[in-house]
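Welcome! Here are two short exercises on how strands sit and pair in a protein model. Have a look at the structure first, then work through the steps.

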Amino acid sequence: MYEKEEEQLKNLYDNIQVPLDSLDEAIFAGFQKAKSEQKRKPRRKRWAFTLATAAIILLGFFTSIRLSPAFANYITVIPGMEKLVDLIRDDKGKLLAVENDYYEKIDVSQEKSGIKLTIDGAIADENGLVLFYTIESKEKQKELRNVNVRLESLDGKKLDIGTISMGSSLYNGETSQSDMFEFYFQSPLAAKKFELSVSVEGTNLKEEFTLKFDLTKEIQKKKSYTLNKTVTIEGQKIKFLKADIYPLRAAIHVKMDPHNSKRILSFEDLRLVDENGETWNKISNGVVSSNISPDEFILYLQSNYFREPKKLYLVLNKLQAIDKDEVNVVVDPKKLQILKQPKGDHLSDLRVADNYLIFNFHTEKEFRYFLFSEIKDGNGERIESGSSYKSGGNEQLNAEIGVYIPDLEKQTGPISLGLTAYPSWIKGNEKIKIK
């Protein structure tokens, strides 16, 4: 990094006073706006693709956190770092990695047809690789999107990729955009030499960029903690097996008792908290969990890897949960009927348009999660849906949800939509010691 600026930065950061009251406010600041998709409207969305057998739950929401404004404002004046900070200012783990000189500058570019793609830098650990990039165009682009991203090893080391987040490109007359490609692995990353291939498409434009780069920094080892702690919340038993803390994120392995009466959909406010009350919340805007089975998964939190607290806890108060016999919404698209849904009847007015199943969704309080994941036809066969959206005004209390079903009229009914979120909660007050 820049040695002089880094020294000034650390001196400044060490002298920043952050009141604990402010940290407490940050803990409970709540969930901010989700990135709702608008039907047939160009949008910027970060896609994650599952290459493993585990089901990946994607929840597009932002968690409000409060870091040091002085740190963020100061680092933006360091040449080339302002774009980086804009991208990660809502992720304390990534910011700590940059602060501790764990970010690696790459600056490799390729230009084709007036489009230039640059890998600006990277943060890598055993579990993941984040590539910061900039895409630039000599002409304004109505829409230029990433349609495929591939990462290959050039030194013979296998890349066991589990998920890929494709980042965003150019829209609505933009000529420059910075974002991240995120790769997470199912076995420890050992490779140091890579080739990144990115296919982009736009109006009368289709190009593939191929960029080779090396990582030179030593990859830091994870910190592992065995927990084996069972908690009971409103009769539901949850066992926390272990915590693996990497520079990019913390992975918490949990398993539900198979005899539980409810299916846990989301650990809504799970967080790491140290002895001073500093908090690391859920991953903001990305993959927040990986399913091993319906009753076992990995939860991802922001990382405190570069902090060494004397004490560290997992704290949990609120979980989304529904009865196990209510995990699917079942509809008859021909009769326009909702045959089954969980208690509360939040979904109504089923209709069909352009191969979309469309619902009205009403809640008494703000609820910015998208509801559905796996879709099956009347024979239990999986249906691949290429698009979905959630939109609505009035603070999302009255929203419209649409799910695209290919050749909807030809599908065997009824259609079953698996729930990954629903406005139904159980509450407790749990504090699990990690160290």
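**Exercise 1: the neighbours of β22**

Arginine 351 stands opposite isoleucine 358 in β22. This is a predicted model, in which local features need pLDDT of at least 70, side-chain atom pairs count only at pLDDT 80 or more, and totals for chains, interfaces and linings use all residues. Residues are numbered from 1 along each chain as its sequence is written, and side-chain values use heavy atoms, with hydrogens and water left out.

Task: Find which strands β22 pairs with, and how many bridges join β22 to β26.

Solution:
1. Strands here are DSSP runs of E with at least two residues, numbered from the N terminus; two of them pair if DSSP finds at least two bridges between them.
2. β21 (residues 347-353) pairs with β22 in the antiparallel sense, over five bridges.
3. β26 (residues 398-404) also runs antiparallel to β22, joined by seven bridges. Tyrosine 356 has tyrosine 404 of β26 as its bridge partner.
4. Between β21 and β22 the hairpin has two residues, and aspartate 354 takes a positive phi near 55°.

**Exercise 2: the setting of β8**

Task: Work out why β8 is largely enclosed, and which strands flank it through pairing.

Solution:
1. Count buried residues (buried means under 20% relative accessible area, with a 1.4 Å probe and protein chains only). In β8 (residues 193-202), seven of the 10 residues are buried, so the rest of the structure largely encloses this strand.
2. β5 (residues 128-153) is joined to β8 by nine antiparallel bridges, with leucine 144 opposite glycine 202.
3. β9 (residues 205-214) pairs antiparallel with β8 over 10 bridges; here leucine 196 faces leucine 211.

Note on methods:
Helices (H or I, at least four residues) and strands (E, at least two) are DSSP runs, numbered from the N terminus. Buried means under 20% relative accessible area, exposed over 50%, partly exposed in between (1.4 Å probe, protein chains only).
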